[in-house]
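This report covers a pocket, a helix pair, some backbone features and a set of individual residues. Please read it beside the sequence and the model.

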Amino acid sequence: MTELTDTTELLLSRIRDVADYPEPGVMFKDITPLLADPAAFSALTDALAAVAASTGATKVVGLEARGFILGAPVAIRAGLGFIPVRKAGKLPGATLSQAYDLEYGSAEIEVHAEDLSADDRILIVDDVLATGGTAEASIELIRRAGAEVAGLAVLMELGFLGGRARLEPALAGAPLESLLKV
């Protein structure tokens, strides 16, 4: 328990609050100080790699863009492959896409479907769980590609935005692990 508490305190101490960014009234959680600190970044990678191991994941999917920064070292640490889920139009060749609604408008994400198979158990990694829209779309995309969702792991969950409640039905019993809840 002490190790988890120490890791939590280390991670929290390296996340900077930026008031009124990107717009007035928003308190932005900046993880760049955490990424710049090798001890904190390593502790984060270890914690997320432990989630990958506990879920039996065979591959890690990172969501654009900060999910790439976190997911790739987690995949390496856990001895797994890494697959980027990107915004539409960013991957070359044939892709599988999934559209989803945003607060104002819509967006679309894509993956190379040949990178996923029915034998794969995918851990989705991202930095923040907010409303859950992108994560929900990625869950659908992974399943449409024929793989199983082993779980979702995030550095921090913004609980007041309701993302967990939105994702629980989509996860269908797969775990949602957030290292920090704010």
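The text below describes a predicted model, beginning with its largest pocket.

## The largest pocket

The volume of the largest pocket is about 1,400 Å³. Its lining counts 38 residues, and those closest to the pocket centre are Arg-66, Val-128, Ala-130, Thr-131 and Leu-161. Sorted by class, the lining holds 22 nonpolar, 11 charged and 5 polar residues.

Which elements each supply at least two residues of this lining? Among the strands they are strand 2 (27-30), strand 5 (96-102), strand 6 (105-111), strand 7 (121-129) and strand 8 (148-157). Helix 4 (66-78) and helix 5 (133-144) also each supply at least two. Strand 7 gives the largest share, 4 residues.

## Helix 3 against helix 4

Helix 4 also packs against helix 3 (residues 38-55), at an angle of about 65° and with the two axes 8 Å apart. The crossing of helix 3 past helix 4 is right-handed. On the helix 3 side, the contact is made by Phe-41, Ser-42, Leu-44, Thr-45, Asp-46, Leu-48, Ala-49 and Ala-52. Helix 4 contributes Ile-69, Leu-70, Pro-73, Val-74, Arg-77 and Ala-78. By class, the residues of this contact are 10 nonpolar, 2 polar and 2 charged.

## Backbone features

Most residues other than glycine have a negative phi, and most peptide bonds are trans. The loop between strand 1 (16-19) and strand 2 holds Pro-22, and the peptide bond from Tyr-21 to Pro-22 is cis, with omega near 5°. Asp-20 is placed in the loop between strand 1 and strand 2; it is not a glycine, yet its phi is positive, about 60°.

A cis peptide bond also runs from Glu-64 to Ala-65, with omega near 0°. Ala-65 sits in the loop between strand 3 (59-63) and helix 4.

Ala-172 has a positive phi of about 50°, although it is not a glycine either. Its place is the loop between helix 6 (163-171) and strand 9 (176-181). Is Ala-172 buried or exposed? Its relative accessibility is 62%, and exposed means over 50%, so Ala-172 counts as exposed.

## Individual residues

Ala-153 is part of strand 8. Ala-153 is buried because its relative accessibility is 0%, where buried means under 20%. Not counting residues up to four places away in sequence, Ala-153 touches Leu-48, Val-51, Leu-123, Ile-124, Val-125, Asp-126 and Glu-177. One of these, Leu-48, also takes part in the contact of helix 3 with helix 4.

Val-61 belongs to strand 3. With a relative accessible area of 0%, Val-61 is buried. Neighbours within four places in sequence aside, Val-61 is in contact with Phe-82, Ile-83, Val-85, Ile-122, Leu-123, Ile-124, Val-125 and Ile-142. Leu-123, Ile-124 and Val-125 are also among the residues that Ala-153 touches.

Glu-110 is in strand 6, one of the strands that supply at least two residues of the pocket lining. What is the relative accessible area of Glu-110? The value is 11%, so this residue counts as buried. With neighbours within four places in sequence left out, the contacts of Glu-110 include Pro-84, Val-85, Arg-86, Lys-87, Ala-88, Gly-89 and Lys-90. Leu-91, Thr-95, Leu-96, Ser-97 and Leu-141 are in contact with Glu-110 as well. Val-85 is also in contact with Val-61.

Ala-36 is found in helix 2 (residues 32-36). At 63% relative accessibility, Ala-36 is exposed.

## Separations in sequence and space

The table sets sequence separation beside C-alpha to C-alpha distance for some pairs of residues that include those described above.

| Pair | Separation in sequence | C-alpha to C-alpha distance |
|---|---|---|
| Ala-153 and Ala-36 | 117 residues | 21 Å |
| Ala-36 and Arg-14 | 22 residues | 9.0 Å |
| Val-61 and Arg-77 | 16 residues | 14 Å |
| Glu-110 and Leu-123 | 13 residues | 16 Å |

The pair Ala-153 and Ala-36 joins a residue that counts as buried with one that counts as exposed. Arg-77, paired here with Val-61, is one of the helix 4 residues in the contact with helix 3. Leu-123, paired with Glu-110, is in contact with Val-61.

Key. Residues are numbered from 1 along each chain as its sequence is written. This is a predicted model: local features need pLDDT of at least 70, side-chain atom pairs count only at pLDDT 80 or more; totals for chains, interfaces and linings use all residues. Side-chain values use heavy atoms; hydrogens and water are left out. On a 1 Å grid over the protein atoms alone, a cavity is a set of points where a 1.4 Å probe fits but cannot get out, and a pocket is an open set with protein on both sides within 12 Å along at least five of seven lines; lining residues have an atom within 4 Å of a point. Grid points are joined across faces, edges and corners, and a volume is the space filled by probe spheres set on the points. Ala, Val, Leu, Ile, Met, Phe, Trp, Tyr, Cys and Pro count as nonpolar, Asp, Glu, Lys and Arg as charged, and the others, Gly among them, as polar. Axes are lines fitted to C-alpha atoms, for helices over the stretch in contact, and angles run from 0 to 180 degrees between N-to-C directions. A crossing is left-handed if the near helix is turned anticlockwise from the far one by less than a right angle, and right-handed if clockwise. Contact means heavy atoms within 4.5 Å. Buried means under 20% relative accessible area, exposed over 50%, partly exposed in between (1.4 Å probe, protein chains only).
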